[in-house]
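Open the model in your viewer and keep the selection box ready. Each stop says what to pick and what is there.

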Amino acid sequence: MRQLARSRDGMLVGLAGASAVLLGAFGAHALKDVLDVVQRELWHTAVQYHFWHALALAAAALSRPGRARRVATWAFAVGIVMFSGSLYALALGAPRWTGIVTPFGGVAFIVGWLALGAGLKTQPDSV
């Protein structure tokens with residue numbers, strides 16, 4: 001069971017990292033002449049948060065197994081989809097109300113970082 005969780009986490013990390021690179025390149029090349037300045041800034045912000053949290057997802061996947069790891073992994077994944085996903089959508093012309101989702105993604109990122117911190121907490125030295 002633990003091996004399955006690691007495998008699933010590894011796939012999630014790979015997907016998050018690869019999609020960050022892909023969407024970053026797509027924005028820089030294919031959308032360069034399509035998006036206006038504000039839309040390009042939104043896209044850039046989405047890619048930055050996507051990529052940083054793909055790395056955070058990797059740290060969570062490598063952390064000690066347990067509840068904190070599961071929470072961090074899913075919070076980072078949900079945060080990428082909600083935060084970066086809503087910014088990608090807004091950059092591509094989605095209705096402004098789509099931005100209502102963005103702060104929930106930000107909260108998911110915060111929960112992920114707190115859970116990662118809890119999961120990385122060192123165990124007390126035994127004397």
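Select Phe-26, Trp-43 and Tyr-88. Ring pairs join these three into a cluster. You are looking at a predicted model. Across the structure there are six aromatic pairs.

**Stop 1: Trp-43 and Tyr-88**

Keep Trp-43 and Tyr-88, and hide Phe-26. How far apart are the ring centres of Trp-43 and Tyr-88? They are 4.7 Å apart, and the ring planes stand at 55 degrees, so this pair is tilted. Now colour by helix. Trp-43 belongs to helix H2 and Tyr-88 to helix H3, so the pair ties together parts that are 45 residues apart in sequence. Are the two residues buried or exposed? Trp-43 is buried, and Tyr-88 is buried as well.

**Stop 2: Phe-83 and Phe-109**

Select another of the ring pairs, Phe-83 with Phe-109. The ring centres are 5.6 Å apart and the planes lie at 55 degrees, so this pair is tilted. It links distant parts of the chain: Phe-83 sits in helix H3 and Phe-109 in helix H4, 26 residues apart. Both Phe-83 and Phe-109 are buried. Leave Phe-109 on screen for the next stop.

**Stop 3: helix H2 against helix H4**

Select residues 37–62 for H2 and residues 102–120 for H4. Look along the pair. The two helices pack at an angle of about 30 degrees, and their axes are 11 Å apart. The angle makes H2 roughly parallel to H4, because an angle under 35 degrees counts as such. The crossing of H2 past H4 is left-handed.

Now show the side chains where they touch. From H2, pick Tyr-49, His-53, Ala-56, Ala-59 and Ala-60. From H4, pick Phe-109, Trp-113 and Leu-116, which those H2 residues meet. How many residues of this contact are nonpolar, polar or charged? Seven are nonpolar, one is polar and none is charged.

**Stop 4: Thr-73**

Move to helix H3, residues 67–91, and select Thr-73 within that helix. Thr-73 has 2% relative accessibility, so it counts as buried; the cut-off for buried is under 20%. Which residues does Thr-73 touch, leaving aside its neighbours within four places in sequence? Select Asp-9, Leu-12, Leu-57, Ala-60 and Ala-61 to see these contacts. You have already met Ala-60, one of the H2 residues in the contact with H4.

**Stop 5: Ala-68**

Stay on H3 and select Ala-68, which lies in that helix. Its relative accessibility is 24%, so Ala-68 counts as partly exposed. Add Ala-115, Ala-118 and Gly-119, which Ala-68 contacts once its neighbours within four places in sequence are set aside. Then add Leu-120. The C-alpha atoms of Ala-68 and Leu-120 are separated by 8.7 Å, with these positions 52 residues apart along the chain.

**Last stop: the whole chain**

Clear the selection and zoom out. How many helices and strands does the chain have? There are four helices and zero strands. Read along the sequence, the pattern is α-α-α-α. Turn the C-alpha trace along its principal axes: the spans are about 65 × 25 × 25 Å.

Next, colour by accessibility. The chain has 127 residues, and 35% of them count as buried. Finally, switch to a contact view. Take the contacts between residues at least 6 apart in sequence: 72% of these join residues at least 24 apart.

Terms used: Residues numbered from 1 in each chain as written. Predicted model: local features only at pLDDT ≥ 70, side-chain atom pairs only at ≥ 80, totals over all residues. Heavy atoms only, no water. Axes fitted to C-alpha atoms, helices over the stretch in contact; angles between N-to-C directions. Parallel < 35°, antiparallel > 145°, perpendicular 65-115°, else oblique. Left-handed = near helix turned anticlockwise from the far one by under 90°. Contact = heavy atoms within 4.5 Å. Nonpolar A, V, L, I, M, F, W, Y, C, P; charged D, E, K, R; others polar. Buried < 20%, exposed > 50% of the residue type's maximum accessible area, 1.4 Å probe, protein only. Phe/Tyr/Trp six-rings, centres within 6.5 Å; stacked < 30°, edge-to-face > 60°.
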